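Here is a note for a colleague who is coming to this structure for the first time. Please keep the sequence and the model open beside it while reading.

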Amino acid sequence: MRTPAALAAVLAVAAAPADLLTIAGQAFPQADILDARAIADGAGMPNIYVTMTPTAAARLAALSSANLGKPIPIAVGGAVLVNPVVREVITGGAIEISGVGNFAAAVAMAKRISGKDPLPESTDE
């Protein structure tokens, strides 16, 4: 038989949205995301580049500052995508998530994270 605390934890995980981005266990819902897009890294591998609102950027900076030298899991819908070690404070409100498989998977994951298509590359479009 499960304890009330264990049952509450199971219910919380079950109730978490499938598209919820978490960093070190802290939620960054779609309202915190300005843009998410698939990009190629220097070796041509697909990554997801996520840009956050100023408020979320401040939370990310504080979170990374508190975890210098430690791994922080980055997850979507409770599934950990990467678990990088924080080497420096993350300023500017952007992160790059690697190891997402192929470009189709990166595009789909970016849309899950932001809830929308990526912003245009420029205002000329």
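The numbered points below go from the overall fold to single residues, and then to the largest pocket.

1. The model is predicted, and it should be read with that in mind. The protein chain holds three helices and seven strands, and when it is read along the sequence these elements follow the pattern α-β-β-β-β-α-β-β-β-α. Of its 125 residues, 31% count as buried. Among the contacts with a separation of 6 or more, 64% are accounted for by residues 24 or more positions apart.

2. A good residue to begin with is Asp35, which is found in strand E3, made up of residues 33-40. Is Asp35 buried or exposed? Its relative accessible area is 8%, and because buried means under 20%, Asp35 counts as buried. If neighbours within four places in sequence are left aside, Asp35 is in contact with Tyr49, Val50 and Thr51, and also with Asp117, Pro118 and Leu119.

3. The side chain of Asp35 deserves a second look, since two partners can be named for it. A polar atom of this side chain lies 2.8 Å from the backbone nitrogen of Leu119. Asp35 also forms a salt bridge with Arg37, in which the closest N and O atoms are 2.8 Å apart, and both Arg37 and Asp35 are buried.

4. How many salt bridges does the structure hold? There are three, and the pair of Arg37 and Asp35 described above is one of them. In general terms, side chains of opposite charge can pair when their charged atoms come close. Another salt bridge joins the side chains of Lys111 and Asp117, with a distance of 3.1 Å from N to O. Lys111 has a relative accessibility of 43% and therefore counts as partly exposed, while Asp117 has already appeared as one of the residues in contact with Asp35.

5. The salt bridge between Asp32 and Arg59 has its closest N and O atoms 2.9 Å apart. This pair links distant parts of the chain, with Asp32 in the loop between E2 and E3 and Arg59 in helix H2 (residues 54-66), 27 residues apart. As for accessibility, Asp32 is buried, with a relative accessible area of 13%, whereas Arg59 counts as partly exposed at 28%.

6. For the backbone, please look at Ala24, which has a positive phi of about 50° although it is not a glycine. Where does Ala24 sit? Its place is in the loop between strand E1 (21-23) and strand E2 (26-28). The relative accessible area of Ala24 is 28%, so this residue is partly exposed.

7. Several pairs of residues are separated in sequence and can be followed in space by their C-alpha atoms. Asn102, in the loop between strand E7 (94-97) and helix H3 (103-114), is 56 residues from Pro46 in sequence, yet the two are 6.0 Å apart in space, C-alpha to C-alpha. Asn102 is partly exposed, with a relative accessible area of 44%. Ser65, which lies in helix H2 and counts as partly exposed at 39% relative accessibility, is 21 residues from Val86 in sequence and 8.3 Å from Val86 in space, C-alpha to C-alpha.

8. Gly69 is found in the loop between H2 and strand E5 (74-76). With a relative accessible area of 52%, Gly69 is exposed, because the exposed class is set at over 50%. Not counting residues up to four places away in sequence, Gly69 touches Val85 and Val86. Gly69 and Glu88 are 19 residues apart in sequence, and their C-alpha atoms are 8.1 Å apart in space.

9. The last point concerns open space. Rolling a probe the size of a water molecule over the atoms shows where empty space is left. The largest pocket has a volume of about 240 Å³, and of the 13 residues that line this pocket, the closest to its centre are Pro84, Val85, Val86, Arg87 and Ile90. Which classes of residue make up the lining of the largest pocket? It has nine nonpolar, one polar and three charged residues. Val85 and Val86, which are among the residues closest to the centre of the pocket, are also the residues that Gly69 touches.

Note on methods: Residues numbered from 1 in each chain as written. Predicted model: local features only at pLDDT ≥ 70, side-chain atom pairs only at ≥ 80, totals over all residues. Heavy atoms only, no water. Helix = DSSP H or I, 4+ residues; strand = E, 2+ residues; numbered from the N terminus. Buried < 20%, exposed > 50% of the residue type's maximum accessible area, 1.4 Å probe, protein only. Polar contact = N/O pair within 3.5 Å; in protein donor to acceptor, adjacent residues only side chain to side chain. Contact = heavy atoms within 4.5 Å. 1 Å grid on protein atoms, 1.4 Å probe; cavity = no way out; pocket = protein on both sides within 12 Å on 5 of 7 lines; lining within 4 Å. Points joined across faces, edges and corners; volume = space filled by probe spheres on them. Nonpolar A, V, L, I, M, F, W, Y, C, P; charged D, E, K, R; others polar. Salt bridge = Lys/Arg side-chain N within 4 Å of Asp/Glu carboxyl O.
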